[in-house]
Each structure stands twice: as C-alpha cells, then as structure tokens.
Amino acid sequence: GLFVTDYFTRTPRKLSPFRSFASIELFHFHIPEDTVIAVWNLITFKEQGGTFGDQCPDRSITVYFRSGAPSVINPLHTHFPRDTAVPGSFALTLTWTLPNRTTGVFNVTSPLPGDWFLAAHLPKDEGKISVKGLYEECQYLFQPQLIVQRLVNIAVLYPGHVTEQSMAPHNRSCLYKVFVPSYTSRVLVEVLRCRGAEGCPLWLRVRAKAPPLHNSTALDCREHTPCQLTQDLPFWQHWYYVLVEKHPGVPGIVSFQVTVQLTDCSRPSLARPPFLPSSASMNMPHSFGSAGGLGLGDSPPPTSPNSTKHPVPVPVAPPAGERCWPVRPTLRNELDTFSVHFYIFFGPNVSVPPDRPAVFVINLLPVLDSGGVLNLELRLNVSSLCGENVTVFGCLNHEVPLTSGDNGSVTCETESLAGFLLSVNATASLSRLRIPYPQTGSWYLSLRSLCATEHGFEPCTNVTAEVYLRAYLSPCINDCGIYGQCKLLRTNNYLYAACECKAGWNGWGCTDNAEAFSYGFQLLSTLLLCLSNVMFVPPVAIAVRSHYLMEAAVYIFTMFFSTFYHACDQPGIVVFCIMDYDVLQFCDFLGSLMSVWVTVIAMARLQPVVKQASVLYLLGAMLLAMALQMDRHGLWNLLGPSLFALGIMAVAWTARTIRRRHCYPPTWKRWVFYLCPGALIAAAAVLLYAFVETEENYFYIHSIWHLLIAGSVGFLLPPRAKTSRRLGPLPRRKGCGYQLCVNEQEELGLVDPAVASINSICTS
C-alpha cells in the first residue's frame, strides 16, 4: 500500500512536581484513521537562569498515555472515592542520558484513531516553600513530538459481496476494511476458494477501529474449513479491519476470495441486505450522510483487474438470543462547562419488564465531555416489586449495548467487551457509578430484572420493576468535598477539571484522609498564626509613647490585616474571612513592608522639613503598592524598596558621623542593647522565612516569623525625640583661646541639633 507520514509537535512546557492532577502537564494529539504506526519522540531538557542546567539534579519524569480521554493516574497510591471506576493507561519513566538533555521513544503499532492524551510530571518534592527570585530555579521542560504513518486507499469490503484477490510472491498480506453500522449483532468474515502451493496458507485477522495486530482475533485457514471468523457484538458505527496474511516461506501466487456478512439484530430472521439506502442501513438520519463517506447502498468503486464482486446468498437466520431491543435516547441539557444532565423521555422513573431489557444511550461529545466525570445513579422503587426477590442489573458499555442471550447471565463482559456492572435490590436499593475522564462516544446502559432462586438468577414472571435513573456529567467527584477545590484547567484548546486537595487530604476526590489534619490541629495552626500577631502590641505601645504616631498606625494596620489574612488563608475548615481573600493578602503584604519602611525611616532621623512633609512615607507607600501589584511574591520587587530605605538611613547616619567626627549613634548602650539585638532578630526571621519554611512546618515557622519581626521592631525603633525649647546657659570651657559651646543632648544622639534653638557663638 501507499504510506503517508504526518508530523505533529507541541510547545515545550515546564513540568511540576506531582501533588494532584492539577499539577500535571497535559498534551492532546489526534491520530488519523488507517494509521499503522505512531511514534512519540519525548524530549526533555533542563534550564537554569536562561542557560542549560548542567548542575541541576536528575529527576525522573513519568509520562502517561491513553486513547480517547486523559489518563486517570495515581502515583501517590491514594484511595479513590467509593463507586469510582478507574480506567487503565500506560506509563513510561524517562531517565537522563546526558547532563542536560534526554530523549525517549514510545511506539504504538496500529494505534486506535482519534484523540490521544499524554500526561507528564516530576516526582513529588518535599514541599519546601521557596522565595521567588532568591536563586535560579532548575526548570525541567518537556516537549512531545508525534510521527504517524498511515495507509491510504485501503480496499473497502461491502457486506454481501465477494472480493477476489491474488497475492503476488513478494506480497505478505492484504488489508481491507468494512463499516459496521448500528444494530449489528455479528460480523462474519470468510475466505473462499483459496488456492496456493500448500493448500490455503493464509492467516485471517480481524480488529475493530485499527489494523490488526499479532494478538488480534485470528484464524489459520490451513486448519479450519471453511475459513470463517466471527465477531459477536461488534462496535457500532466503526470500521472493522480485515487482514489476510500469508504464511512465511510460501512460494508462488495465492488467490482467494473475501466476503463479509453483517447480522442485523433488529431483524433477527434476516441478514443485512446488501442493497439498502445508506442512511437507512446505518440507522442514521439522511442529514448525517454516510459514516466514513461510505454507505452500504453506495455503488462499489472500480475494482482492480484481478478482483470481481458479486452478491452471495443470504446466510441462515441467527439464534433468537441475538435480537437487540430498541434503544431509548436521552435528552442532553447543558448547564455549564462539564455540567450536563441527560434526561430520559417519560422519565426519570423507568420500567424494567421481566421479559426483555431496557436499553438507554448516553452520547458524550468528542473532546468536550472527556475532561469531566460521568455519573450514573440507580435507585430501585421497592414498592414496585410486589414482595418478590427481584434484582435489577445494569450494564454500562461503551459503543455497543451488551444484551446477553443467557437468561440468567449477570456479567457485563465478553471476550472483546468489558463493561461496568450495577445492581439494586430490596436490601441495597441505591447504586452509583462514577467514571472520571470517560471516553467520548455512545455509552449504552442495559437494565434487566432477574429473580433470585436457589439455583441462581432466573427471569421473573409478571413483575415489572421501577427504577429511578439519573445520569449526568460533572466537573469533579462530589465537587471535591469540603477539603478540596475543583479547578477548571486548559491545555491549548482542551478543557478538563481536577481536584486540588488541602489540609492533608489526598485522592482523586479529596477523600483519602490517611495524612489529613485533625480538627484540633487545624484550630491550633490557625490560632498560632493569628495570635502571634499580638506581638505587635509592644511596638505599638513603644511608638505611641515615643510620639511616633504614624509608625504606630502602620503597626496596627499590619497586625489587623495579618491576623485576618491568616484566618482566611487556612487550608481546612477553620476559616474566617471578613473580606475578599485577595484584598486581605494585599493588605497583609503591604502592611508588612510598610512596617519595615517606616521603622527604617524613623531610625534615619531625617531633617524636620522632610519628615514633617511625610514625603518619604508617602513615596514608600506608593512604591510598595506598585511592587506588590507587579509581583506579590517576587523577591526583588519587595526587597528593592526595603534596601532603598536602608540606603537612606545609611546616608543619614554617615553624614552625622562625618559632621560630628564620631560614630552615630554615639552611645555604646544603644548599639549593644538595642541595635545589635534588633538586627540579629530581624536577620534570624529572614533566614527562617527564606530557607527553613516548608508546607509541613509553615504554621509554626511562620508564627515564629511574626514574633521575631515584631520583636525586632521594638528594639530598632529609636527613642523619643525631645520637644523644641530654649536651653539655659551652656557651660563654657576654654581651649586654645576659644569658648567651646557644647550641647550634651546632641552628642548623646537623643535629639537632632536642629530641634533645639541654640545660639552657639564662640568669640576669642
């Protein structure tokens, strides 16, 4: 055949340590039909500070693959909520082969067509809280690339027709495909008139949706006569691929005929006629056209010189157990993103007769519905059982309803199908099923009532059970409960939802309490973070006593908003918010930085003209508000104004030192008992905040931070400035023929020289 190669790539993205599904990076690909091989090239590289991160540690990267919907992953081995079905996926771990780059390859032979999803993440870290911008962070970037090779012009088989084929010596196989419409209960593929050098040296393989693999349903035509392969309960509205493969080492030309018969279960006495209008034969409206561009009633395309097509006789009617029952549709009502209700006509209470199943279909739209949770609820009306021991079984299957011919069968699985089983009876009248990230397409629910006897389950007589049926699509399971937040996430044009848990709770629905915080622990952490702000009361008292009223107002502002911000910022249920969270956070950050600013400016003891105008206070408030608005967690946006204030203080102290020719402040007591302890306490607080704080110790380390910062303010705040008054005669002393005028208060650093009006006139 003729192959065509397609190439797809995605933009590199930064990977994050796994905490929940909200922290993974999701990539969406689409594989076209008739693809024979798909190769994912997985490129990972490190970056640090805009350059290659050769010094970054090697951290393993886990990649998950799934067809039809995102992978439901559980790397932390947490518990899923009750009644939750976990679909499988394939995982691959990448290891580093170079210091800053590694590449992995993942091949899929004959992949299923449609949507494919890749999820990638780093291992869970220790939860350290790092200050943004303090050091260059190691970034791990992941970029997947997809290369697909697909066949074009695959021969199409038409039900009820024979296709003749001659396989040349250099050819190994021939590939065909046939479309299976709705209400088809059986696909029969047969090889006729096979002639070769060694009898019929052919393998016959059949697979749905994609070309067959080595482990697909197969039949050796040398050992079976006639060479017939049957697929019961095939997938509706899909292509089936037929591969006729020659045994290795067979010389010469092998000629054969291939035919396909489809059994219409809506009319069990007849096979599907070879000539019908295309829409009618596929149970599709005319407005939909023919699926895949081909219809059973379409004229066959021109055949090759070595193949002919002609009708074959209609086979014998299938057994009565292969009948299929009418499928009742559901009405789709979209309320919001991933909030869809499926209503049953003349429902929600449905009657399940004793002699036949009740079948319903739920249609999930491609891409749009696969990012949520499919919920199904069955509630039995016990009063409708009339005292009988009746059990209603429900089978939920994807793309084909499962209605077994065995009257006492209660399984939802066959050799090629796997569904979900629900059951309700008089003792357990409620049953639920949740499927996170369901595959899109048609989901069929078959309800059947059976009576329990000594010999197992048997069909009931004259008992029609009534069941309340509820089916809906939700973003998350139970909205993630009280200890989680349901987040709507987006990757390119694909939307999906995931839970982000808090207070130590884990799991897909935040229901795993193995590491959960107790109520007492939550209350203790909240009280510590809130009451530790009471340490600002002594600095407020000192500031008021020293007539630093503006500084005292800033400290009160900081104490108030820090208390209520931490009361609102708690992860558990001990939460109290008096304002919007963002407002509280902004005011807390602004108050903390303003406390540092006004304290340092007060320590600088600037000239009265500047201080009375409050120019620097107003300038600091504006600069800090701007920095917080730019990046609330950025290091230099917050550290810059603080360093600017320290620079002003250093200039003021240096100018006094030069003018007075001795160190300022001049007394050693001020340095030993106030400035040095205050600076050490503030430095210890900064070190704890920047290097020690983690998610586990946050509540007490951050409380210590509150205590240390407030304590350092009490030490660093300068003493009260003396009020202006005329001083009495100053003592005089002679030196070198001059009278020296001395102001003792100025020399002790207790008041600025300009505060007191002193006329120091020295005459010879």
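Trainee: How many aromatic pairs does the structure hold?

Mentor: This predicted model holds 36 aromatic pairs, and one of them joins Tyr 437 and Trp 508.

Trainee: Why is the pair of Tyr 437 and Trp 508 called edge-to-face?

Mentor: The centres of Tyr 437 and Trp 508 are 5.5 Å apart with 80° between the planes; because rings pair when their centres lie within 6.5 Å and count as edge-to-face when the planes are over 60 degrees apart, both conditions are met and the pair is edge-to-face.

Trainee: What makes this pair a tie between parts of the chain?

Mentor: Tyr 437 lies in the loop between strand E28 (430–436) and strand E29 (441–453), whereas Trp 508 lies in the loop between strand E33 (494–501) and helix H2 (519–531), so the pair ties together parts that are 71 residues apart in sequence. Both residues are buried, and ring pairs link them into a cluster with Phe 21, Phe 80, Phe 117, Tyr 494 and Tyr 496.

Trainee: Why is the pair of Phe 564 and Phe 576 called tilted?

Mentor: The ring centres of Phe 564 and Phe 576 are 6.3 Å apart, and their planes stand at 50°; because stacked requires under 30 degrees and edge-to-face over 60, the pair is tilted.

Trainee: How do you know whether Phe 564 and Phe 576 are buried or exposed?

Mentor: The relative accessible area is 22% for Phe 564 and 47% for Phe 576; because buried means under 20% and exposed over 50%, Phe 564 is partly exposed, and Phe 576 is partly exposed too.

Note on methods. Residues are numbered from 1 along each chain as its sequence is written. This is a predicted model: local features need pLDDT of at least 70, side-chain atom pairs count only at pLDDT 80 or more; totals for chains, interfaces and linings use all residues. Side-chain values use heavy atoms; hydrogens and water are left out. Rings of Phe, Tyr and Trp (its six-membered ring) pair if their centres lie within 6.5 Å; planes under 30 degrees apart count as stacked, over 60 as edge-to-face and the rest as tilted. Helices (H or I, at least four residues) and strands (E, at least two) are DSSP runs, numbered from the N terminus. Buried means under 20% relative accessible area, exposed over 50%, partly exposed in between (1.4 Å probe, protein chains only).
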